Amino acid sequence: RQILAHLARMTKRFREGLLALGFETLRGEHPIVPLFLRDTPKTTALVRHLVEHGVLATGLNYPVVPKGDETIRFQVSADHTDKDIDFVLDVLAGFKG
């Protein structure tokens, strides 16, 4: 139960952080967290930025998703810490795309 509670807290922290940065995501508790960019070049650029800064994220572009639904998919884990979540949010905040 402690592990699940921690996972829920990390997921909530990440989702709230995305929203605070002005990103679009889905509300909910699932640890797979989408970040909707709805633009193929911007999604590609942000995935590149994340990887260059040590963050693993999966970009989904057309034709995998319909045009206008381009997304980056993050997977929050129970092994993540507050520091890990804050690091990713800081990397996202530094994106100038």
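1. Start with Leu35. Setting aside neighbours within four places in sequence, Leu35 is in contact (heavy atoms within 4.5 Å) with Leu18, Phe23, Glu24, Leu46, Glu70, Thr71, Ile72, Phe74 and Leu92. This is a predicted model: local features need pLDDT of at least 70, side-chain atom pairs count only at pLDDT 80 or more, and totals for chains, interfaces and linings use all residues. Residues are numbered from 1 along each chain as its sequence is written, and side-chain values use heavy atoms, with hydrogens and water left out.

2. Next, the core. A nonpolar core is a set of buried Ala, Val, Leu, Ile, Met, Phe, Trp, Tyr and Cys residues joined through side-chain atoms within 4.5 Å. Buried means under 20% relative accessible area, exposed over 50%, and partly exposed in between, with a 1.4 Å probe and protein chains only. The largest nonpolar core has 22 residues; Phe14, Leu35, Leu46, Leu50, Ile72, Phe74 and Leu92 touch the most other members. Two or more residues each come from α1 (2-20), β1, α2, β3 and α3. The largest share, five residues, belongs to α3. Helices (H or I, at least four residues) and strands (E, at least two) are DSSP runs, numbered from the N terminus.

3. Which face of α3 is buried? Its buried residues are Ile85, Val88, Leu89, Val91 and Leu92. They fall within an arc of 160° seen down the axis, so they line one face of the helix. The arc is that of the directions from the helix axis to the C-beta atoms. These residues pack against α1, β1, α2 and β3. Lys83 and Asp90 are exposed on the face turned away.

4. Helix α2 (residues 40-52) can be read in a similar way. Thr43, Leu46, Val47, His49 and Leu50 are buried. They cover an arc of only 160° around the axis, which puts them on the same side of α2. Their cover includes β1 (32-36), β2, β3 and α3 (82-93). Pro41 and Glu52 are exposed on the other side. The length also checks out: 13 residues should span 18 Å at 1.5 Å a residue, and the end C-alpha atoms are 18 Å apart. The expected span is 1.5 Å times one less than the number of residues.

5. Look at the ends of α2. At the N-terminal end, Asp39 acts as a cap, with a side-chain oxygen 2.7 Å from the backbone nitrogen of Lys42. Lys42 itself is partly exposed, at 34% relative accessibility. Beyond four places in sequence, Lys42 touches Leu37 and Phe95. Just after the helix, Gly54 takes a positive phi of about 85°.

6. Asn61 sits in the loop between β2 (58-60) and β3 (71-75). Is Asn61 buried or exposed? At 17% relative accessibility, Asn61 counts as buried. Its side chain makes a polar contact of 3.2 Å with that of Thr44. A polar contact is a pair of N or O atoms within 3.5 Å; within protein, one must be able to donate a hydrogen and the other to accept it, and residues adjacent in sequence count only if both atoms are side-chain atoms. Leaving aside neighbours within four places, Asn61 is in contact with Asp39, Thr40, Thr43, Thr44 and Glu70.

7. Last, the aromatic rings. Rings of Phe, Tyr and Trp (its six-membered ring) pair if their centres lie within 6.5 Å; planes under 30 degrees apart count as stacked, over 60 as edge-to-face and the rest as tilted. By this rule there is one aromatic pair. The rings of Phe14 and Phe74 have centres 5.0 Å apart and planes at 65°, so the pair is edge-to-face. Phe14 lies in helix α1 and Phe74 in strand β3, 60 residues apart. Both are buried.
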